[in-house]
Amino acid sequence: MFETQVYDEIDETVWNVSLTPITNEAYLKAPPGSERVSASPFDLLVLYPAVSGAKVLATGQLTKAQLPPGEYLHNVWAAVDLNDDGQPDGLHCSFFCKCPELVRGPKACDECDCDYACSESYLMREGKWEVVSAVGPM
Ligand SMILES: [Zn+2]
């Protein structure tokens, strides 16, 4: 179930999505990865509306040529192929807000102390990457 909510102060409409509760024990008991804490053992990517046949691509196999101009491979958190051509059609990138050239590490960068708190999501539309969501400090 979802509803839209309009934020007049930032002139933006967002979707509030309520997911069906997960009951599969395999997800609930998943051990954390080596760099994760037990309270959040893994990340979750929700594709809404659903796209039949969509596949998550291994971020380590992407090339710079497959990314939006200026985006860094090390900032790609998720890549999704929506049309079964093996190419990314959706990307989610997370990065140090002022220093996206730095690789993921501690919460704040060593260069200027900016936070690892910015993200951008892209969709491929008519052969071009389009930013569909961007999050950063207010
Ligand atoms: Zn910085």
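Of the 138 residues of the protein, 9% count as buried, a figure that, like everything that follows, rests on a predicted model. A residue earns that label here if 20 or more other C-beta atoms lie within 10 Å of its own. The C-alpha atoms, taken along the principal axes, fill a box of roughly 45 × 40 × 40 Å. As for contacts between residues at least 6 apart in sequence, 27% of them join residues that are at least 24 apart.

With that overall picture in mind, one can turn to the secondary structure. The protein has 1 helix and 7 strands, and, read from the N terminus on, these elements follow one another as β-β-α-β-β-β-β-β. Of the strands, 5 come together in an open sheet, whose order is S3-S4-S5-S6-S7 and whose pairing is antiparallel. At the edges of this sheet lie strand S3, covering residues 55–57, and strand S7, covering residues 128–135, each of which pairs on one side only. Neighbouring strands of the sheet are turned against each other by 20° on average, when the direction of the turn is ignored.

The sheet can now be followed strand by strand, beginning at the S3 edge. Strand S3 is joined to strand S4, which comprises residues 76–81, by 3 bridges, and the two strands run antiparallel. Within this pairing, leucine 57 stands opposite alanine 79 of S4.

Alanine 79 also leads across to the next strand, since on that side the residue standing opposite alanine 79 is leucine 91 in S5. Leucine 57 and leucine 91 are thus both found opposite alanine 79, the former from S3 and the latter from S5. Valine 80, for its part, stands opposite glycine 90 in S5. Taken as a whole, the pairing between S4 and strand S5, which spans residues 90–95, is antiparallel and extends over 4 bridges. When looking at such positions in the model, it helps to recall that in a regular strand the side chains alternate between the two faces of the sheet.

From S5 the path continues to strand S6, made up of residues 118–125, and here 6 bridges join the two strands, which again run antiparallel. One of the residues involved is phenylalanine 95, whose bridge partner in S6 is cysteine 118. Beyond S6 the order of the sheet ends with S7, the edge strand at residues 128–135.

Methods
Residues are numbered from 1 along each chain as its sequence is written. This is a predicted model: local features need pLDDT of at least 70, side-chain atom pairs count only at pLDDT 80 or more; totals for chains, interfaces and linings use all residues. Two strands pair if DSSP finds at least two bridges between them. Axes are lines fitted to C-alpha atoms, for helices over the stretch in contact, and angles run from 0 to 180 degrees between N-to-C directions. A residue is buried if 20 or more other C-beta atoms lie within 10 Å of its own, exposed if 12 or fewer, and partly exposed in between; C-beta atoms are placed from the backbone. Two residues are in contact if their C-beta atoms, placed from the backbone, lie within 7 Å.
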